[in-house]
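Visitor: Please choose one part of this model and look at it closely, then follow the chain outward to whatever surrounds it. I would like a connected account rather than a list.

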Amino acid sequence: MPGLFNDIIDHMIGAFTFDLGRYLIAAGALSFILWAFGKWSEARRIQSRQAGFADYKREFLSSMRTVVVFGLTTISTVLLEASGWITVMTGEIIWPLFVVQLLAMIVAHDAYFYWMHRWLHTKTMFRFSHLHHHKSRTPTPWAAYSFSSFEAMTEAAFVPIYVFAASILFDGMYPFAIFLFLAHMIVRNVMGHAGVELFPAGWTRNKFVGWITTTTHHDLHHSQGNSNFGLYFTWWDRMMGTEHSDYEARFDAVAKPIQLSVGAAANISIAAFSLLAVVTTANLI
Ligand SMILES: [Zn+2]
Ligand SMILES: [Zn+2]
């Protein structure tokens, strides 16, 4: 029992540190990029309303609460692992299996998020828990974890539930696949709350990538409410008829073709790549 207790404390401290680090690095790095390319950001700002100091303060403080809730939720993962319900795969990574695990977890999370989000938008649940996230009418990258305690718990519950299911379907999960899933999650999450369209012109109409959600997609959810419930992909909103009717037009209005010198374009690519690399590395240390 003392061993299990120590395990729980260790995992909680670990999860707390990773979640806090991931949030601060991803939201901080994106805020820095938007500031560093200020002219470009202003030209692509989605709403005319600007977030105020009170918005930043609320988003940051409630994200700190979410980090604590995420840390507490990790107890369930430790208990499930200790009782043999969850299997973490050790040993040499089989890369094709690794890729399947990572992609399957992202696709499953997109489905989980869509339906959980629809549920949170029912009248009772909205007032009880989701209203807090929607106080950010004009979101900033710091809104990524701006949840009520209950919503933070339902968001965090996906990982133990999924890893439990994967322990049955895949004989367990590679920890590195879970780390990369979490890195992708926070990067897409801060991008969705950027307030500035980050995707290139023509994205939504491109048949190869148009199904990947843009910043305008989630921004419309914050400014107008009852549409665009999806997280990473447009699939569920399109299937269920919940995509905002003006989504593509609104995207086109802000996603102006990038007219940058080769040097500036290279700087943006390096900055975006660095963001992903830093977040990934933060997951590993
Ligand atoms: Zn919502
Ligand atoms: Zn949001």
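Guide: Helices are DSSP runs of H or I of at least four residues, and strands are runs of E of at least two, numbered from the N terminus. This is a predicted model, in which local features need pLDDT of at least 70 and side-chain atom pairs count only at pLDDT 80 or more, whereas totals for chains, interfaces and linings use all residues. Residues are numbered from 1 along each chain as its sequence is written, chains are lettered from A and ligands numbered from 1 in the order in which they are written, and side-chain values use heavy atoms, without hydrogens or water.

With that settled, we can begin at Thr-216, which has its place in helix α9. Thr-216 has a relative accessible area of 1% and therefore counts as buried, a word that stands for under 20%, with exposed for over 50% and partly exposed for what falls in between (1.4 Å probe, protein chains only). If its neighbours within four places in sequence are left aside, Thr-216 is in contact (heavy atoms within 4.5 Å) with Ile-46, Glu-197, Tyr-247, Arg-250, Phe-251 and Val-254.

Now to the metal. The zinc ion (ligand 1) is coordinated through NE2 by His-117, His-121, His-130, His-134 and His-221, at 2.0 to 2.2 Å; donors are N, O and S atoms within 2.8 Å of the metal (3.2 Å for Na, K and Ca), and the site may look incomplete because water is not among the atoms. Along the chain these donors follow the spacing H-x3-H-x8-H-x3-H-x86-H. Since His-117 lies in helix α4 and His-134 in helix α5 (residues 123-134), this pair ties together parts that are 17 residues apart in sequence, and both of these histidines are buried.

The helix that carries His-117 merits its own description. α4 has 26 residues and reaches 37 Å from its first C-alpha to its last, close to the 38 Å expected, where the expected span is 1.5 Å times one less than the number of residues. His-117 is one of the buried residues of α4, which also include Phe-98, Gln-101, His-109, Asp-110, Phe-113 and Leu-120. Among the elements that cover the buried residues of α4 are α5, α6, α7, α8, α9 and α10.

One of those neighbours, α7 (residues 158-169), has 12 residues that should span 16 Å, and its end C-alpha atoms are 16 Å apart, so the two values agree. The buried residues of α7 are Phe-158, Pro-160, Tyr-162, Val-163, Ala-166 and Ser-167, and they pack against α3 (53-82), α4 (95-120), α6 (149-156) and α8 (175-192). After α7 comes Asp-171, whose phi is positive, near 60°.

α4 also takes part in the surface. Val-107, Trp-115, Trp-211, Trp-235, Met-239 and Met-240 make a nonpolar surface patch of about 570 Å²; such a patch joins nonpolar side chains (Val, Leu, Ile, Met, Phe, Trp, Tyr) within 5 Å, or like charges within 9 Å, from residues with over 30% relative accessible area and no salt bridge. α4 and α10 (235-240) each supply at least two of its residues, and α10 gives the largest share, 3 residues. Trp-211, by contrast, lies in the loop between α8 and α9 (215-224) and is partly exposed, with a relative accessible area of 31%.

The loop between α9 and α10 holds Asn-228, a buried residue with a relative accessible area of 0%, whose phi is positive, near 55°, although it is not a glycine.

From α10 a charged pair leads onward: the side chains of Arg-238 and Glu-248 meet in a salt bridge (3.9 Å, N to O), which requires a side-chain nitrogen of Lys or Arg within 4 Å of a carboxyl oxygen of Asp or Glu. This pair links distant parts of the chain, with Arg-238 in helix α10 and Glu-248 in helix α11 (residues 247-254), 10 residues apart. Both partners are partly exposed, Arg-238 at 38% and Glu-248 at 24%. They belong to a network of salt bridges that links Arg-205, Arg-238, Glu-243, Glu-248 and Asp-252.

Note on methods. Areas by Shrake-Rupley, 256 points an atom, 1.4 Å probe, with all protein chains shown as cover.
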